[in-house]
Each structure stands twice: as C-alpha cells, then as structure tokens.
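Q: Could you take a close look at one part of this protein with me? I would like to see how the core is put together, and how a few individual residues sit around it.

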Amino acid sequence: MNDREDRQDIGDLLVRYATGIDSRDWSLFRSVFTDDCELDYGEIGRWSGVDAVVEFMVAAHDKAGHTLHRITNHTAAIDGDTATARAYVDALIMSQDNTSGVSAAGFYDDELVRTGTGWRIKRRRFTTVLVRMVSAG
C-alpha cells in the first residue's frame, strides 16, 4: 500500500467511528479499535479495551435523540505499520425528544496500527475545546 492509500484508509476509519455512533451500529463502531485499545476522553472518561469503550458509547447514545459526529481536518504520519493522526471533531448529541442537547468540539490524537483487517486505533486522546448546551428551534 502507498502513503496516499494509507491516508485514505485512515480517513475512512475516522468516518466509520462517527458513522458507527450516529447510526448506533455498534459492530461497525467496534471495528475501529484494537481489542486492547486505550482511550482517554479527559473528564468524560477513560477506557481500556474495546468492550469497555463500546459499553460506554452504547449507554451514552442509545437513549439519545439525533446525534451528529463530524470528523474533519484529519492528518496522519505513517511509519510502516504504525501511524499517528489528529482530527477535529464537532459533535451534537440531542436529548431523546430532540428538543435540547449538547454541542461539543475538540480534537482526537490517535495512535494507529495496521492489522490484518486494516488500520485500527490503539490509543486515543480526546481534547475538549468547547462544550455548550443547545436547544432546537
């Protein structure tokens, strides 16, 4: 694989993360991470292992209304079968009745590994830049 293909695959991986959450497709979401991943989302929480990450995301999103996770400005530095990446995230998580919610923005710093089934996130740190309450209408 060449550098451009790797960058495209990593970008696709980040979109799968957002799509998995917003569609509540937890199998798709799970496919983004290594089994032994480590995630640090600061005040939101820290998780070790894909099962813990999925369990938290299911609990946080299954009873929510509409959610929109937008991943942008992703960059990647690839070194053989490892890579580091940064991407901006803008997330909207609405209450079950879609009348109010939380809007958050920040960035992900990821360490990725190439596996037999493609690139996966091994470590992630989320840095919060902004969180605000929103109301529809």
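To get our bearings, in what order do the elements of the protein run from the N terminus on? And which residues have the most contacts inside the largest nonpolar core?

A: Happy to walk through it with you. Please keep in mind that this is a predicted model. From the N terminus on, the order is α-α-β-β-α-β-β-β-β, and the secondary structure adds up to 3 helices and 6 strands.

Let's begin with the overall picture. A compact globule of 137 residues would have a radius of gyration near 14 Å, and the 15 Å of the protein agrees with that. The C-alpha trace spans about 50 × 30 × 25 Å along its principal axes. Of the contacts with a separation of 6 or more, 54% are between residues 24 or more positions apart. Carbon and sulfur atoms hold 51% of the accessible surface, which comes to about 7,600 Å². As for charge, there are 16 positive and 22 negative side chains, and the centres of the two sets lie 3 Å apart.

Now to the inside. Buried residues make up 38% of the 137 residues. In soluble globular proteins, nonpolar side chains tend to be buried together. Here the largest nonpolar core has 29 residues, and those with the most contacts inside it are Tyr17, Phe29, Phe33, Tyr41, Ile71 and Leu112. Two or more residues of this core come from each of α1 (3-22), α2 (26-30), β1 (33-40), α3 (50-61), β3 (67-79), β4 (82-94), β5 (100-115) and β6 (118-135). The element that gives the most is α1, with 6 residues.

Tyr41 is a good place to zoom in. Not counting residues up to four places away in sequence, Tyr41 touches Tyr17, Trp47, Met57, Tyr108, Arg124 and Phe126. Tyr17 is thus a contact of Tyr41 and is also listed with Tyr41 among the residues with the most contacts inside the core.

For a second close-up, try Ser103. This residue lies in strand β5 and counts as buried, because its relative accessibility is 9%, below the 20% cut-off. Leaving aside neighbours within four places in sequence, Ser103 is in contact with Asp90, Ala91, Leu92, Leu130, Val131, Arg132 and Val134.

Next comes Ala60, which has its place in helix α3. Its relative accessibility is 34%, so Ala60 counts as partly exposed. Although Ala60 and Ile21 are 39 residues apart in sequence, their C-alpha atoms are 9.9 Å apart in space.

Finally, two residues are worth a look for their backbone. Arg24, found in the loop between α1 and α2, has a phi near 55°, a positive value in a residue other than glycine. With 22% relative accessibility, Arg24 counts as partly exposed. Asn73 also is not a glycine and has a positive phi, of about 50°. Asn73 has its place in strand β3, and its 53% relative accessibility is why Asn73 counts as exposed.

Technical notes:
Residues are numbered from 1 along each chain as its sequence is written. This is a predicted model: local features need pLDDT of at least 70, side-chain atom pairs count only at pLDDT 80 or more; totals for chains, interfaces and linings use all residues. Side-chain values use heavy atoms; hydrogens and water are left out. Helices (H or I, at least four residues) and strands (E, at least two) are DSSP runs, numbered from the N terminus. The radius of gyration is taken over C-alpha atoms; the globule rule is 2.2 Å times the number of residues to the power 0.38. Buried means under 20% relative accessible area, exposed over 50%, partly exposed in between (1.4 Å probe, protein chains only). Contact means heavy atoms within 4.5 Å. Accessible areas come from the Shrake-Rupley method with a 1.4 Å probe; for residues, only the protein chains shown count as cover. Lys and Arg count as positive and Asp and Glu as negative; His and the chain ends are not counted. The place of a charge is taken as NZ of Lys, CZ of Arg, CG of Asp or CD of Glu. A nonpolar core is a set of buried Ala, Val, Leu, Ile, Met, Phe, Trp, Tyr and Cys residues joined through side-chain atoms within 4.5 Å.
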